[in-house]
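Trainee: Please take a close look at one part of this model with me. I would like to go from a single residue to what surrounds it in the fold.

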Amino acid sequence: MEANSTLTKDIHDLLYHPLNPDLREIRVLRIERSQPDEADIRCSLETVSLNANPVYRALSYEWGPPDVGEPSGSVLLDSYPVVTTPNLRLALRHLESEHFYWIDALCIDQSNDKERGHQVRLMTEIYRNASAVQAWLGLEEGGSEMGMELLNTIEAEITENKHLVDFDKQFHYSLYDSLKNEAYRVHWDGLQQILKRSYWTRLWIIQELVVPPVSAEVWLLCGSSKAQFTTLVLLDEHFNVFQHDLPKIVLQGSVEELITDFATSGYKARNIAAHADIWSSLSREKGHAVTTLSFLQFYWDQSCSDPRDKVYALLGVTFPYPRLEFPITYATPVLDVYKNFAQYEIAGSKTLDILTYAGYDQMQSPVQPSWVPDWQSNERHRMIKPSYRSSGGLSSISSYSADGNTLTTRAFNLGEITSLFETGTYYSIESDDVLATVFANGKKELYSWLDFIKNASQVPAQKAGWSTTNMKIAYELLFYLDILPHEAELELPPDKFYELCESADIASPGKELSKLEEERLLDRVLYGMRRRRQLCAINLAPSVHGLKNQDPPDPANREGETVMGVCSRNARTGDVVTVVRGCKYPILLRRVEDRKKYEVIGVIYVCGFMEGEVLKRFEEVDIELV
């Protein structure tokens, strides 16, 4: 929620009479008609109740980038001048007069933390009940007017031909023809300029564009031009088909470049459109699967001026847990908001999956307490793909100290990190010389991985080379962490990976690969190495009584057994590897306070302990996280 004007107390009290939350009251802004030569923007406020179904439009806008030129004139609110951002004044000049609008900066008393809280709670209803949502993208610039013209041309074609039986097919071909036509290049470039605007990076636009019903029009406003948001969404759907379904031979030259550029620049608008589709199709009873926590990760790189809004801005576009409500108040300090949200998430989900977002993964000291994620960070929090069940589906057991800073739960302690191997970082490839160097370094690092695994895992190797077990472990650590479904084509089949490893094995003559084949395979290996991570060797703690329900015990079940893992670069030798009850992934902890309590360092991938295997081997213990 953005801050607005500063007014004297007398004027402030005249403009902002208290709202009645029980009546779901809001203020709406009416833009008065102005004379052609009038510089000031005259507006008035009116209090209405959402219970009465008032007619108004809602504005979605960016509070204001610092480089926006300051327009002349002032904003007069009931004849009193108020301070507004340049971008908001520009938006007001381009909105139609004689209509009512809901605009957060002017319709909410920003100096009243209590009112801000209950108005933010109402924002989902405010945008859902608006007759139209108008998204102000800024002034025309860099050919954006041509991009808006393109969207309107496409919208006209859709309106004229959507009744045809084979419309989708015809529209598909028509769109592809315009991509090939150089005369349309300036229009496509203008659309790219629109999609690259900072408006799309703002967190609050998620709610403003997701919750309006299908019956409400959502308009994109760019200077004096406007176009429908749904046209942009439909366009993206067809581009997705082009990118994934057309033969590669067709996607060449400028066409491939345009499609690739659109996929890159349009991903934020695409995410919002996908979210809107999910939102409209879910009932409130089933919607608890769409959690605030999941979208905190999804929108990790969206920005807001108040760090509390990292949580608050997403509450309205996710469904609450049954019988739980998270309070919205701007009087609460930021870190307390994050701590309260962590407790809310633990209570509602009955899991401790929130720990997977906490700790040192951002290359800095964690907020206190360490088990609370710091949502102010602009780093991705998740290192592992979300399909594991390391605690076997157990529900969490949690309690808190009186001050709420210590979380007591139960966990299985697997052991400690005894050695680490830091992986490399690969940069963008700008020339063939750099490409050759990257491949050479990547090959050396792969072999170093295998040597580290061989030396640390206590698995006998085949002569001077690496055993099949060594190679299987390396493959798992490279490709089982975070490969997503749409990245499947980049996965490397195990047999090809073994060929690559064996090509350097002096004990396996005749395994030489051609330079082209080797580079093709290495390209996929480098993909698996692309994160800033460390390999680690973990010395397992002794089992309580061998493998449960197994007689005789597994001979590998012995004190001092070593398994391999992958962790963040903030890990240290001596850090403790645990599987916390109710958490999908193993968690890395560090002993503090006379070694009786622990700080959360981050998630860790542990070979052989990602699917509940810990339940057969170790016993639960109480742990305290601070």
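Mentor: A residue counts as buried under 20% relative accessible area, as exposed over 50%, and as partly exposed in between. Keep in mind that this model is predicted. The residue to start from is R24, in the loop between α1 (9-15) and β1. Its relative accessible area is 22%, so R24 is partly exposed. The backbone of R24 has a phi near 55°, which is a positive value in a residue other than glycine.

Next comes the strand that follows this loop. Strand β1 covers residues 25-31, and 2 bridges join it to strand β6 (residues 100-102), the two running antiparallel. In this pair, R30 stands opposite F100 in β6. Helix α2 (residues 86-94) packs on the sheet, where it touches β1, β2 (41-49), β3 (57-61), β4 (75-77) and β7 (132-138). The direction of α2 makes about 125° with that of β7.

Now the sheet as a whole. Strands of a sheet pair through backbone hydrogen bonds, either parallel or antiparallel. Here 9 strands form an open sheet with mixed pairing, in the order β5-β4-β2-β1-β6-β3-β7-β8-β9. At its edges are β5 (80-82) and β9 (225-228), each of which pairs on one side only. From one strand to the next, the twist averages 35°. Another helix, α5 (residues 144-161), lies across β8 (217-222) and β9, and runs at about 40° to β9.

Terms used: Residues numbered from 1 in each chain as written. Predicted model: local features only at pLDDT ≥ 70, side-chain atom pairs only at ≥ 80, totals over all residues. Heavy atoms only, no water. Pairing = 2+ DSSP bridges. Helix = DSSP H or I, 4+ residues; strand = E, 2+ residues; numbered from the N terminus. Axes fitted to C-alpha atoms, helices over the stretch in contact; angles between N-to-C directions. Contact = heavy atoms within 4.5 Å. Buried < 20%, exposed > 50% of the residue type's maximum accessible area, 1.4 Å probe, protein only.
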